[in-house]
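Trainee: I have just opened a structure that is new to me, and I would like to understand the words people use for it. Could we go through them together?

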Amino acid sequence: MSQLELKQNKQGTTLNLTISGSIDEDADFAHVDLNEVELMIVNLNGLKGLNSCGIREWIRWTQKFPDTLKVAFLNCPKIAIEQMNMVEGFLPKNGIVKSFYIPYYCEECDSVTNYLQEVKQGVEVDAPEEIQCENCKQTAEIDVIEAKYFKFLK
Amino acid sequence: MKWIDIDEQTKIKFGSFSGVNLAADCTVGRAGSNRDIIVDEYESELQALECLADGKVSHYISTGARAPDLAFSFATRSMDDRSSFLQDPATSYFFGKSIDTVKAFDFCNVKEKQTVVSRATEYAQNVSKAAAIADAARLIVEELSMNALYDAPGCPPGELPQNTQRSHVQLAISDDTLLLSCVDLYGSLDPWCALSKIIEVLSTGIGPSIGMNRKQGAGIGLTLAQSRCESFIMAVEPGQRTVVSCALALGKRGKSLEDQKRNYHILIQEEQV
């Protein structure tokens, strides 16, 4: 019933996991094979929805991670970043964000362009204040309160 | 605190106020009776909610909200007539204004709920000036519809509800506002309990508040929903009907949602004798 889709690709001790769809009350992460995995790279590019029960299922899953497991998150959408900032335990203890999306709002055409921000270790994130709107090519302005949105990086 | 008696004249006077000139500490109540409306500066959502809960006040209007006059007008009307909102949330909330669109999606189990969330979200995404609030709209529809299912009487503990009475999600647009409502026919919501739960979650943090061992709701849904909207309404006719609504401003930037000041309304229709 869940619209959640998990794709796994294991290479040695590294597991590449692609998550798409919605994480909700039916989310089941039990079949993600963490056996002998030391690094899990989680790609959240296709994550479309995350509700309160999904947050609970996610935390239940991440609480079972072995202490030795390192987790790197790629392409985190705003809905995931919001929970990392708000919900203690959403970002697992050994988890780091390697890249995430920042929304930019265009007043000209009322659309949102998502800008992918890379995170480099030891380098402070310096997001542009404006980018080109992908829809009308006019100027789109950053549409988050930076002090709040970048909290998870600290 | 300054107390103002409400009578027909005062209602008219306050019904057209702009919000900016109102005394910050002005509290409005019926003469010699319970306090019904608080009009106040908004320091934080927690402060506003505690203010409501402490006095069991029905309406909290923030002077810093986008449209305090709309909220105040709704509050004063609701003092005399709670049933209109319970029967038709959009017409009652947007009283006297033309409503551009009303859409309703009904459901009675989890599978249908998921379809409703998809359809309602798709609809909201295509609404003019809604780009920045699309994620918020989806989350609100998710949480309100889930509560309608999980709070259904007779749902066995530890099991997901299968076939309950039909509930519906309603979307209505007027005056640069999107009103999302979820209507169920149980009337089992206790707004004061729900308010206490939201306050508890905000006080202790969302993570520690999650009911990790519950099969049903996680216990944080209403907190998430109310934190995305500019007006949050819980209405109940015990044993008959529950309506929970969130009003969102259209044409605003996404970041304005994060720091927006909110209005709260609690409507309880006494049981008919």
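Mentor: Gladly; this is a predicted model, and we will take aromatic pairs, cores and a pocket in turn.

Trainee: How many aromatic pairs does a search of the whole structure find?

Mentor: Over all chains, the search finds 15.

Trainee: What makes Trp61(A) and Phe65(A) a pair, and which kind of pair is it?

Mentor: Their ring centres are 4.8 Å apart, and the limit for a pair is 6.5 Å. The planes meet at 85°, while anything over 60 degrees counts as edge-to-face. So the pair is edge-to-face. Both Trp61(A) and Phe65(A) are buried.

Trainee: And how do you know which kind of pair Phe100(A) and Phe152(A) form?

Mentor: The same two checks work. The centres lie 5.0 Å apart with 90° between the planes, and with the cut-off at over 60 degrees this pair is edge-to-face.

Trainee: Why can one say that Phe100(A) and Phe152(A) tie parts of the chain together?

Mentor: Phe100(A) sits in strand 6 (residues 99–106) of chain A, and Phe152(A) in the segment after helix 3 (146–149) of that chain, so the pair links parts 52 residues apart in sequence. Phe100(A) and Phe152(A) are both buried.

Trainee: Which residues form an aromatic cluster with Trp61(A) and Phe65(A)?

Mentor: Phe29(A), Trp58(A), Phe73(A) and Phe90(A) join those two in one cluster.

Trainee: What makes a group of residues a nonpolar core?

Mentor: Its members are buried residues of certain nonpolar kinds, joined through side-chain atoms within 4.5 Å. The largest such core here has 55 residues, and Ile19(A), Phe29(A), Met40(A), Trp58(A) and Phe100(A) have the most contacts inside it. Strand 3 (39–50) of chain A contributes the most, with five residues. A second, separate core holds 49 residues, including Val169(B), Leu189(B), Ile198(B) and Tyr264(B).

Trainee: Where is the space in the second largest pocket, and how much is there?

Mentor: About 550 Å³ lies in that pocket. Of its 28 lining residues, Asn147(B), Asp151(B), Leu189(B), Ala194(B) and Leu222(B) are closest to the centre. Helix 7 (134–150) of chain B gives the most to the lining, with six residues.

Trainee: How does the lining of that pocket divide into nonpolar, polar and charged residues?

Mentor: There are 13 nonpolar, nine polar and six charged residues. For example, Leu189(B) is among the lining residues, and Leu counts as nonpolar; Asp151(B) is also there, and Asp counts as charged.

Definitions and conventions
Residues are numbered from 1 along each chain as its sequence is written. Chains are lettered from A and ligands numbered from 1 in the order in which they are written. This is a predicted model: local features need pLDDT of at least 70, side-chain atom pairs count only at pLDDT 80 or more; totals for chains, interfaces and linings use all residues. Side-chain values use heavy atoms; hydrogens and water are left out. On a 1 Å grid over the protein atoms alone, a cavity is a set of points where a 1.4 Å probe fits but cannot get out, and a pocket is an open set with protein on both sides within 12 Å along at least five of seven lines; lining residues have an atom within 4 Å of a point. Grid points are joined across faces, edges and corners, and a volume is the space filled by probe spheres set on the points. Helices (H or I, at least four residues) and strands (E, at least two) are DSSP runs, numbered from the N terminus. Rings of Phe, Tyr and Trp (its six-membered ring) pair if their centres lie within 6.5 Å; planes under 30 degrees apart count as stacked, over 60 as edge-to-face and the rest as tilted. Buried means under 20% relative accessible area, exposed over 50%, partly exposed in between (1.4 Å probe, protein chains only).
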